[in-house]
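Colleague: Please take a close look at the salt bridges of this model. I would like the pairs, their settings and the parts of the chain around them, in one connected account.

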Amino acid sequence: MARRILPIIPFAKWRPDAAVLLDQFSAIAKGCYPAPTGYRPFPILGTSAYLSALTARCQGAAAFISPSDQSPAIVAGDATKLYKNDGTTAANASGATYTIDATEFWEFVDFGGMVIATNRNDPIQSATMGGTSLFAAAATSTLKPQARHISVIGRQVHIGNTREGATDYPNRARWAGIDSAAVDFDVSQTTMADSQDLEGVGAIQKIVGGFSYGLYLCDEGIVRANFVGTPDIYTMDHLEPGRGCDAPGSVASWGTRVIFHDDEGFFMTDGLNSAPIGAEKVDTWFADNADPEYLHNMSATIDTKRHMYILSFTSTAATTPDTLLFFHIPTQEWAYASLNLEFLFSSRTPGVSMDGNMDGTPYAGLDMESITAVSMDASIWVRSLRYLAGFDTAHTMYRFDGTNMAAQIDTKVFEPNPGRRARINDARVIVDGGTPTVALAVRETLSDTETFATAVAQNANGIVPFDSSNAGRYAKARVTIPAASTWTHLEGVQPSVSPLGRW
């Protein structure tokens, strides 16, 4: 029989929860992320440390911009210390010895040029952004609550899930006086400091700040805090009773959209309504692969460069975070990767001006006349930019600017010769770089066990040749691109087949 070249079989979206027969989805999409067409590579952590090692496991980090000199102010915390960056050195900025539990995390906010830090066990801390100042107890009022969670709504610091004296108030929302950087929690109609216990929604799991309103994500509900001024100061509107957040570390916001995980799955809220984003896609896969004993170890952020929500979590094969889950917001699609991390967050680059220093750029130490390889319109001549960063298992912070991860993705199940058998002779991978290999899983019936043959590398002509054993009615191709390969788009596979008989 004459060979026939099939149309390109595009790599479909990754939907592990969908049917696996003749579906339109990929069963695996690892080490890459979704694009409007096909997939793109995702990098590993780089080799240049942007913050030296903490003493112990990172249990929270954040990055802000110092109002005094526009330099990045990176803060982090472990079980006993708080740190500020001195260049790329993690300088101990602790004002005391802290006692945060292994299952808890530090949270940080920027307020009035101060960094305010909190965890459940210790007094709320604050320090001047940047410089060598140490953290110290932040509360200047008679009332000195501790809190698991903190955010800024409008012109006020909000805390939630508080400890006041020796009593825990897991559903208590409390806010400081307006414009109070030296935090004043004493209740007052004049300063507008007050509190409210949120009934019927369980414990507060996260606070998401905003200019005119904020969200309290709780165990069993979402509460919107609307600033209305005295006498009520805030109204607390219960948006969706029964739908809440089961893991504080799963929360990340992109503009007015907030993504979080509930025991039902992944959701995105716009501050009024929530929509499922993982249903029939990854919710079941996540429930099967995430270890429920380690949900507290999650960390999530937004990769602003790639417009992605990224979640680091602990799989059932580990006891520390070892898996990244990607949600590409524009396409509403998912992928994943394997990577061991302590904490994932969004950091900041230094701002650079032509009449200032250029530290942190490839042109540090040079004068303007010697720079000819960069346009004056280039992105380095701008204010600070966000970048994706993480702490590795040695407690050191790196950017995600390393080489590309190894990528692996399946095509959908396809019939190379509908209604009859066929032999797959070869295939061409539609990719703009790298040295891909292809493994085929060919079977006679959909009830047969799907078994992939040995992967075959492409030849000098960009063709992956197969032997005559790859014959049957149904087929799937698994493409692997090795780690550190250079490529930007992976879109599909184009097989060449020889039609065979019906039987």
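Modeller: D426 and R3 form a salt bridge, with the closest N and O atoms 3.2 Å apart; the term stands for a side-chain nitrogen of Lys or Arg within 4 Å of a carboxyl oxygen of Asp or Glu. D426 belongs to strand β35 (residues 422–431) and R3 to the segment before β1 (4–5), so the contact ties together parts that are 423 residues apart in sequence. Strands here are DSSP runs of E with at least two residues, numbered from the N terminus. At 15% relative accessibility D426 counts as buried, while R3 is exposed at 55%. The classes are buried under 20% relative accessible area, exposed over 50% and partly exposed in between, with a 1.4 Å probe and protein chains only.

The model is predicted, with pLDDT of at least 70 needed for local features and 80 or more for side-chain atom pairs, while totals for chains, interfaces and linings use all residues. Residue numbers start from 1 along each chain as its sequence is written, and side-chain values use heavy atoms, with hydrogens and water left out.

The count of salt bridges comes to 17. E164, R172, R174 and D197 are linked in a network of them. D168 pairs with R163, the closest N and O atoms being 2.8 Å apart, and D168 is partly exposed at 36% relative accessibility.

D168 and R163 also help to line the largest cavity, together with R120, Q146, A147, R148, N161 and T162. Strands β15 (146–153) and β16 (156–164) are the elements that give two or more residues to this lining. The lining divides into one nonpolar, three polar and four charged residues; Ala, Val, Leu, Ile, Met, Phe, Trp, Tyr, Cys and Pro are taken as nonpolar, Asp, Glu, Lys and Arg as charged, and the others, Gly among them, as polar. The volume of this cavity is about 30 Å³, and one cavity of 30 Å³ or more is counted. A cavity is a set of points on a 1 Å grid, over the protein atoms alone, where a 1.4 Å probe fits but cannot get out, and lining residues have an atom within 4 Å of a point. Points are joined across faces, edges and corners, and the volume is the space filled by probe spheres set on them.

E264 and R243 meet in a further salt bridge, at 3.7 Å from N to O. E264 lies in the loop between β24 and β25 (265–269) and R243 in the loop between β22 (233–238) and β23, so the pair connects parts 21 residues apart in sequence. E264 is partly exposed at 45% relative accessibility, whereas R243, at 19%, counts as buried.

Strands named with this pair recur in an open, antiparallel sheet of four strands, ordered β23-β24-β25-β26. At its edges stand β23 (252–254) and β26 (274–276), each with a single partner strand, so one side of each has no neighbour in the sheet. Neighbouring strands are turned by 30 degrees against each other on average, direction ignored; axes are lines fitted to C-alpha atoms, and angles run from 0 to 180 degrees between N-to-C directions. β23 is joined to β24 (residues 257–262) by three bridges, where pairing requires at least two bridges found by DSSP. In this pair, W254 stands opposite R257.

Notes:
1 Å grid on protein atoms, 1.4 Å probe; cavity = no way out; pocket = protein on both sides within 12 Å on 5 of 7 lines; lining within 4 Å.
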